[in-house]
Every structure is written in C-alpha cells, then in structure tokens.
Amino acid sequence: MIRRILTYSLIFISLSTVSLSGQEKLIFDLQEFIESNFNIQDESLNYEDLYERLFLLYEDPINLNDVSEEDLLALHILSTNQVSALLDYILTRGKLISIYELLYINGFDNGTINKLLPFVSVSQVKTDGRSLFKRIIQEKNNYFILRYERTLEEKRGYQSATDDGYLGSPDKLYFRYRVSNPKDFSVGFTMEKDAGETLFGNNAFKKRGIDFWSAHLLFENKRKWKKIVLGDYQLQLGQGLLYGAGFGIGKGSETINNLEKAHMGIRPYTSVIEGGFLRGVAATYGISNKVNTTIFTSHLKQDANIQTGDLEDFQTYFSSIQLSGFHRTHSELARKGAIDETLAGIDISYKPNHLNRVGFIASINRFSVPILRANKPYNQFEFSGSTNSNLGLYGKTSWHQFNFFGETSISRSGGLGMVMGFTSSLSARIDFAMIFRNFQKNFHSLRSSAFSEGSRNINESGIYWGIKYILNKRFNLSAYFDTFRFPWLRFRTNAPSEGKDYLIRLNYSPNRKVNTYFQLRSKVKDQNFRDLETNHINVLPGKKKQYLFNLDVEINHSLILKSRVQHSKYQIATNKTSGYAFSQDATYKHNNLTISGRLALFDTEGAENRQYMYERDVLYAFSIPAYSGRGIRNYVLISYRLNTNIDLWARLSRTTFYDRSEIGTGLETIDGNKKTDIKFQIRYKIR
C-alpha cells in the first residue's frame, strides 16, 4: 500500500505540467472538441446527439471505478486497447485512487488524460439510499430550456394570402425538459414548432397541439432489469447494421477510435428530427451476469405522400418517408402522420468479459401502407411492400494486440449485409485499423447506421484502412485510405461504379496555448456527366481535393483566436471548379460572460465546392452551414450565467451574398442578398 501511495505521489508530481487550465479550456470548448475530432463536415449528421451525451457527462462525469467498456468507447476518445488496458488494470490492481493514476497504465499519456478530464472522475462506488422519487426531484441534472429563432427578412411563403403559402408565423420555438442521472434514470420531453407552422395545429386537418413533441421515461439497474424505457427511444446494437442510434460516426480526422461502435442498447431519444426514432416500450433484462436480452416494440406515425394507381399489387402506396419535419402548408400537413410503422424485435447478448461478446437480433417492420419506389432503374432492388424482417449476428473478441468486431445480417429479400474489422496498437506510438463492409444490392435494413460510404447500408462494398502515429509530444499524424464499389446503379449514377477516398492530417501543438493542423482529403467517385455536345450521359470519375489549415491560439486566459482556411477543387471530364473560405474567430471570456464572433469570406463554384464550417451555437444546438456562392458570413454569440440556476444565450448571424439578388427557392425565397437570423435561449436548472 505504501509503495502504491509513493507511486501516486510521483505521478502527481510529474503531472504538475498538466495544467488545469487545459481542462478548463476543454470544458468551455466542448463544441470545439467535437468539431476538431469529427470535421468531415459534408454530411447531415446528428451532431446534437453526440454533443448532448458529452455535455451530460461533463455535468455528471463517469466514475472510472464503476464504468463499462461501452461507456468508455462511447466517448470516442479512447482506443479499444486503451479501454481494455484500463479495465484490466482496475480488475487486477483495484479501484483507482486518482485520475492521474492513468499514466501508470499502458497506452495513456498526458494528451489522452487531458481529453478525458472533463468527462470522467475517480471516486468510491456508493449506494444511494434515497427513494427513486427523491433521487429524481433532487437530481442536479434537472433543467428546462426555452429557445426562440427567426429569420428577420421576409420569405415569400409569408407574403402569400392563398392556400399555397405558409399557415403559421416565421417564429421557431423549442422547449425541452430533462432530468437524468447515468445508470439510474432519465425523464424528459421536447416540443418544437418550426418556422411557418401554426403553434397549435390546424383544425382543417384535425391537427391540434404543438406540431412535434417527444417524451421518454427511462429507468436503469432495477435488480435484473438493466433498462426499461417508455416513450421515445433509440437502439444501438452491435455495429449498427440493423439498429444504429444517434450520431453515426464514420470517416473523419479521428481515424481509429470511431470505427468500432459501442453496444449501448436502449437510449432515450431527445432530438427534434421528426422521424427515424422508435416510440413505444423497450426493456433489457439480465438473465444472468453474462446474458442479457432486450425486447422492443414501437408504433410510430411517419410523414409520407400517399399515392394511388392502377398497379396490380398496390392500389395505394408511398415512395419514401419524409423526414424534414415541416408542416407549414396544406400539402405538408396532408403528409403528416400519413402512415403507421409498427416494429418489434429481440436482442440476446452473451458477454463473458469485457473482451468478448456475441449477440443475436431478430426484428420485423410493418407499414400500414406499402412502399413502392419511383419506377427508375436504380430503384430496381430497393425494398417494396408492407413488411420487412431481419436476422442478425454480431460479436467481438481480442487476440494479443488485435481487437476484432463485426456484424452480419440477412433481410427478408434474401440480401446479405456484413461489416467486420479490427483495431490494433502496433506499438506505443502507432494505432492501426481496418474495416471491410459488403451490403448487397437487395439488402434491406431500414434503421441501420453501420460504417459505409453511402448514407444507407445497401449496394456497397469496400475496405477502409486507418492509422495514427504519434511522432513526439508536439506532432502526431492520422490518415485513412478507403476504396469502395457500388455493384448496382445509384441515383445520378447510371451504371455500377466505384471510388476511393483518403485523408491525411498533421497536428502540431508546440505548447498548450497553440494548436494547429493541416488536413488534405481527396476523393474520386463515379457519377453521371452530360456531354453538352452530344447530349449523352456518361458515368465518369469526379475528382475532388480539399485542403484545410487551422490555427488556434490562446492569447491569454480570456481571449482565444481561431483562424481557418479551406480550399477545394473538383474536376469531372474537362470541367473544373473550385472554392475557398476563410474565417477568423475570436472568443472572449470574463467571469460569467462569454462572447464569440466570426468573420468569414467565401467564394465557391458549384455544389461540389460548398465549404462546410462549424459555427458556435447555443447549448444543445450544433451549426455547420454550407458556404455557397460568393459572400460574407458573420455572427456573434453571447452567453451569460446569470446565477447558479439561469444561463442565457443570444446569437445574431448574417450572410451577405454578392452573386445574387435573391436567396433560396420557392416559398423560402428572400428578395435581396442578405439573410439575418436571430436566436435566444434560456436554461433554468432546478436545484
């Protein structure tokens, strides 16, 4: 015991260079932390889900002495080998006494610990003797949020007095309440009214009340009942081939730690994306210490455009589920809740230890109206009909320094899907990973989010290789190379096609106040190209290169500057286009006041060169607009902690275009070249 205390003392002394101001910066810059690690910003990803998970962990950090492998992997900070090393250390040597003891574990260094500091703690495991009701009403993670948004310029949809215009006001409203404690309970509800929607529905369509609402009630670790949820929820099972919840992280500047998905099981749904979640009842029961089973059911109304025809098999049908969530016009209201989706399934998982797991999934989906895609060649093998079912098998294991994971599934059509891979620490400085995936053209998994190039797990095969190399304390390098094929036609690609994608990122941090990186990404992907001379459509490789340079400098304790330059160029046949964006950010902090601002310039040609740039936003919102055309973008965000209970935010942003006299299309058109948005938010913490 004395020897262990002496060891901890030496560790603590050696960590005197790990300044707590580094921890403070991470706390205030949670959005920056996410943007820095997941900065492939050309996909519509649910960043809010990841943001909320990390923020809740900051508010109530994970106790490393009472943590599971899934909890650690879900941070997306540690590699699988680091997670295994930490759990093995606790198993063999006992509970941690200090967070700095992590330096004594193979694979951990100052940089890793600094990233973990805001989200983890070290304390003794205690039993809370309070009743569930008292734990809920006395929980410190108990708050509600009210948010207001509006575009100041008038859009054409509000000018029209006919039935074609927007029925509601241009105000966007958001209300949310949640109280939660990890591994114990979560209670919450969310309501939202989009701009253009009526506040309390529309009597003509018998739609009453707020346009969108979501609620959940989750209990955890009640004897053998690991989780029980009522209301809206998500499932993260295996590698997400059948059920993938929330933020589907794929390719990005974090080339290793995001590849293996954590088997989180049931998770409450708190987003305002009006579709794709589950609504009903789900429960996980511990049959034994090593075997768990999850049973889930859901009944959800989804938006769709019901069509009629003289087809032999379908008299009425719909072609796709509408996930925009907009119900602003008579036609959009007519699509609201037009179909019912009923879903049920079971998951059985056997986990003898933290290194191994194997599981089985069976599920069935049924629509009240059959789905039939548009009669296009690329839709020939898409799912059609009212019922789909899947059977799946997933697992993971370790061998020496290699951690293997995978999942395979078959759908009712007979189509197969598979994703499998490994991660490995080849040395203390080198991490390596590979993922292989193969989704047949008739594989139908309606709620999947497994690793892939496409937005859905269908009609694709490929191999991904990733590497991270720590050169020294100041330099580290990450890279990946991905090749993929599409065996059948796709939208805007009239033939089987292929492509390749690689990224290289060099990070340099000479000290804790300066961080800079350079990133190069190149992608070649086949798509249709119309020859203007012959008017023929050929499938040709489109080649895109993106360059990014970022510099963060902490001038002093109060002022942080961030500069970024982005450039891209795209070529297909002899057509060449390019685009660039430059932004200068500043963040000033003084006591309870934080002010952030940006000035950005952009000049882009075509949709392929849109520049995606992360912007700071109010709590639980994540903004990554696409800079397109030629213009200036600026915003200012002010946050102020009024007292221990109340936090306030105000945001003003404006985009000025110099290549157009109107912005947007259809009812969203603004006459003029400026668009100005305002946003106000208040959070009240109930203590």
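These legends go with close-up views of salt bridges in a predicted model.

**View 1. Lys-172 and Glu-192, a salt bridge between two strands.** The closest N and O atoms in this pair sit 3.6 Å apart. Lys-172 comes from strand β4 (residues 172–181), while Glu-192 belongs to strand β5 (residues 185–193), so the contact links parts of the chain 20 residues apart. Glu-192 is buried, at 5% relative accessible area, whereas Lys-172 is partly exposed at 25%.

**View 2. Glu-254 and Lys-468, a salt bridge between a loop and a strand.** Here the N to O distance is 3.3 Å. Glu-254 sits in the loop between β9 (225–236) and β10 (265–268), and its partner Lys-468 is in strand β22 (residues 460–470), 214 residues apart in the chain. Glu-254 is buried, with 6% relative accessibility; Lys-468 is partly exposed, with 23%.

**View 3. Lys-562 and Asp-552, a salt bridge with both ends buried.** The closest N and O atoms are 3.7 Å apart. With Lys-562 in strand β27 (residues 559–572) and Asp-552 in strand β26 (residues 537–554), the pair ties together parts 10 residues apart in sequence. Lys-562 counts as buried because its relative accessible area, 8%, is under the 20% cut-off. Asp-552 is buried too, also at 8%.

**View 4. A network of salt bridges that share partners.** Zoom out a bit from the single pairs and you get Lys-251, Arg-437, Glu-453, Glu-460, Asp-482, Asp-501, Arg-521, Lys-523 and Lys-525, joined into one network. For context, the whole structure has 41 salt bridges.

Notes: Residues are numbered from 1 along each chain as its sequence is written. This is a predicted model: local features need pLDDT of at least 70, side-chain atom pairs count only at pLDDT 80 or more; totals for chains, interfaces and linings use all residues. Side-chain values use heavy atoms; hydrogens and water are left out. A salt bridge is a side-chain nitrogen of Lys or Arg within 4 Å of a carboxyl oxygen of Asp or Glu. Helices (H or I, at least four residues) and strands (E, at least two) are DSSP runs, numbered from the N terminus. Buried means under 20% relative accessible area, exposed over 50%, partly exposed in between (1.4 Å probe, protein chains only).
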